[in-house]
Every structure is written in C-alpha cells, then in structure tokens.
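Visitor: I would like to learn how to read a few helix features in a model. Could you walk me through them, one at a time?

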Amino acid sequence: MAEEAARRSGPGRVLVAVYGVFALAAGSRAGVQIATRFHEAPVAYVLSAFAAVVYVLATVTLARSGRTSYRLAVASCTIELIGVLAVGTYSLTDKAAFPDATVWSGYGSGYGFVPLVLPVLGLLWLRRTAPR
Amino acid sequence: MVHALAVSLIIGVLALAGLALVAAALNRRVGVLLLGAAAVGEAGLLVQVVWAVVRLAGGARPVGGMAIFIGYLAGSLVILPIAALWGLGERSRWGPVVVAAGFLVTAVLIVRMQQVWHG
C-alpha cells in the first residue's frame, strides 16, 4: 500500500497543513458569526459553518489512510470546489444576501483565493495517490 | 497594539518563511535551523501576546471586537508549534514547505490582528 501511505507525505503533508488552517479559520469565523449576529445573514453564516465542516472533513480524510478516507476526501474536495464556485458567483450577483463575507465569497478573495485553488490541488493530489 | 512591534514581527516571520523556502529549495529536511527559526518566531509572538495583555489590562479595547481579537491572539501562538511538528514528521523537502506555510499564516494573523485592534 505504498500509494496509501503516500497520500499524507510529500506535497500531501503541505496540503493537510493548509487544509487544517482553513478548517480552523472557517470554523472560528462561522462560530463568531453565528454566536454574535446570526439574524443579520443566516444564509451566509450557515454556509460558513458548512464550509468549516467540509474543511475539517477534508483535513482528516487527507491525513488518514484507507479507501473510505480516500472517497470522503474526494467528496469533500469536490463539494468544496462546487461550493466556492457557486457561493463565489452568487455573492457577486446578489450582494444583499451576503452582507458579511464567508470563506467562499468572491471565490475566496478575502483569503487570497486559496479556497479556490485548494480543492483543485487536493483533487489533483488525490488522483495521483489513488488506491488501486 | 504597538505598530512597530507588529511590523517587525511581520517582516521577521516573512524572512523566516523565506529561510524555510530556501531550505526546501536546497532539498533539506526540517532540522535544528528551522526548529530554531520557529522558536524565534514563537518568542516574538509571545512578546506580542504579553504586550496585548498589558494593553487590555490597562483598559485599551480592540475596535473590531474583543472575542475576535482574543481568538487571533490565541491562534497566533498555536500555528508555529503545530507547523514545526507537522513539518518535522515529513522527512523530505516538503517538511520545510510546511514550516514556511506556518510562517506565512502567522504573518496573515498578525495583519488581521492589527486590523481588528484598530477597527
């Protein structure tokens, strides 16, 4: 299972680290938003929380070995890519629905577009380390 | 928060990120040099935390919100130790890349902390 062990080593090590940071960042942001001003933009804040959950899932499944983790990692990276594209587009067309930014608003522009690049790199890496 | 301290810290951690990237380019693993660099960065962040606690105790308040500021303050202390350990576990050039990422994230945290402090 050389491919299995390889998922979290080399570039995968960096990927897990950056995912960990985003799990922390999105989670804290969602926590503060929901705890202090949920009524202002419930849709945006629920999306923030959802993004945080996906980042946590991606971090854990990228770091763990096994087929199930692999599938979940692919799923979470895919959801993320769809999420950042959908929320990014929606946040630009309907600014009123997003008075306060989420990690995915403006395609992740508030986070140096890393949220847009990360799932692409994640999926490419998962493809390279796919279990046979 | 004292602006000069934050600026020096940002320049410092960016320089250390550069050092880590050079180590990666030279195909080095995480060793004494980068662990020392992380320790130096962490020491600088501790100075910032002490300074912030002194200012807060003196009645100063972050314009952007106390809870968020405390969150960034606490977050700034955990990033480098975790990055150093996670990078140490990788016995290739990607270890230093992890450490470099830790320094870059730290720089962003300091900038955000400044924004929250000044509103």
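Visitor: Let me start with a single residue: does Thr59(A) count as buried or exposed?

Guide: Keep in mind that this is a predicted model. A residue is called buried when its relative accessible area is under 20%. Thr59(A) has 14% relative accessibility, so Thr59(A) counts as buried.

Visitor: In which helix does Thr59(A) lie, and what does Thr59(A) touch?

Guide: Thr59(A) belongs to helix α3 of chain A. Leaving out residues up to four places away in sequence, Thr59(A) touches Val16(A), Tyr19(A), Gly20(A) and Ala23(A). Two of these names are worth following: Tyr19(A) and Ala23(A) are among the buried residues of α2(A).

Visitor: Which other residues of α3(A) are buried?

Guide: A helix has a repeat that helps here. An α-helix has 3.6 residues a turn, so residues three or four places apart point the same way. In α3(A) the buried set includes Ala44(A), Ser48(A), Ala51(A), Tyr55(A), Ala58(A) and Leu62(A). What the buried residues of α3(A) pack against is α2 (11-37), α4 (67-93) and α5 (114-128) of chain A.

Visitor: How far apart are the end C-alpha atoms of α3(A)?

Guide: The idea is to compare an expected span with the one in the model. With 1.5 Å a residue, the 22 residues of α3(A), 42-63, should span 32 Å; the end C-alpha atoms are 32 Å apart, so the two agree. For α2(A), 27 residues should span 39 Å, and the end C-alpha atoms are 38 Å apart, which agrees.

Visitor: What covers the buried residues of α2(A)?

Guide: Here both chains come in. The cover includes α3, α4 and α5 of chain A, together with α3 (66-88) and α4 of chain B. Among the residues of α2(A) that are buried are Val14(A), Leu15(A), Val18(A), Phe22(A) and Gln33(A).

Visitor: Now a pair of helices. At what angle do the axes of α3(A) and α4(A) cross?

Guide: For a pair, look at the angle and the separation together. The axes of α3(A) and α4(A) cross at roughly 150° and come within 8 Å. An angle over 145 degrees counts as roughly antiparallel, and that makes α3(A) roughly antiparallel to α4(A). The crossing of α3(A) past α4(A) is left-handed. On the α3(A) side the contact includes Leu47(A), Phe50(A), Val54(A) and Leu57(A), and on the α4(A) side it includes Leu72(A), Ile79(A), Glu80(A) and Val87(A). By class, this contact has 11 nonpolar, three polar and one charged residues.

Visitor: Are α2(B) and α4(B) roughly parallel or roughly antiparallel to each other?

Guide: Helix α2 of chain B (residues 32-57) and helix α4 of chain B (residues 94-118) pack at about 15°, and their axes are 11 Å apart. These two are therefore roughly parallel to each other. The crossing of α2(B) past α4(B) is left-handed. Leu34(B), Leu45(B), Gln48(B) and Arg55(B) are among the α2(B) residues in this contact, and the α4(B) residues include Phe103(B), Ile110(B), Met113(B) and Trp117(B). The classes are 10 nonpolar, two polar and one charged residues.

Visitor: And how do α1(B) and α2(B) cross?

Guide: Their axes come within 10 Å and cross at roughly 165°, so α1(B) and α2(B) are roughly antiparallel to each other. The crossing is left-handed. Leu9(B), Leu16(B) and Leu19(B) are among the α1(B) residues involved, while α2(B) brings in, among others, Leu34(B), Gly41(B), Gly44(B) and Trp51(B). This contact has 13 nonpolar, three polar and no charged residues.

Visitor: What else should I note about α2(B) itself? Which helices cover its buried residues?

Guide: The cover includes α1 (3-25), α3 and α4 of chain B. Buried residues of α2(B) include Leu34(B), Leu45(B) and Gln48(B), as well as Glu42(B). Just after α2(B), Gly59(B) has a positive phi of about 105°.

Visitor: To finish, a loop residue: where is Ala101(A) found?

Guide: Ala101(A) sits in the loop between α4 and α5 of chain A. With a relative accessible area of 33%, Ala101(A) is partly exposed. Leaving aside residues up to four places away in sequence, Ala101(A) touches Arg29(A) and Gln33(A). Ala101(A) and Gln33(A) are 68 residues apart along the chain, and their C-alpha atoms are separated by 10.0 Å.

Conventions
Residues are numbered from 1 along each chain as its sequence is written. Chains are lettered from A and ligands numbered from 1 in the order in which they are written. This is a predicted model: local features need pLDDT of at least 70, side-chain atom pairs count only at pLDDT 80 or more; totals for chains, interfaces and linings use all residues. Side-chain values use heavy atoms; hydrogens and water are left out. Helices (H or I, at least four residues) and strands (E, at least two) are DSSP runs, numbered from the N terminus. The expected span of a helix is 1.5 Å times one less than its number of residues. Buried means under 20% relative accessible area, exposed over 50%, partly exposed in between (1.4 Å probe, protein chains only). Contact means heavy atoms within 4.5 Å. Axes are lines fitted to C-alpha atoms, for helices over the stretch in contact, and angles run from 0 to 180 degrees between N-to-C directions. Angles under 35 degrees count as roughly parallel, over 145 as roughly antiparallel, 65 to 115 as roughly perpendicular and the rest as oblique. A crossing is left-handed if the near helix is turned anticlockwise from the far one by less than a right angle, and right-handed if clockwise. Ala, Val, Leu, Ile, Met, Phe, Trp, Tyr, Cys and Pro count as nonpolar, Asp, Glu, Lys and Arg as charged, and the others, Gly among them, as polar.
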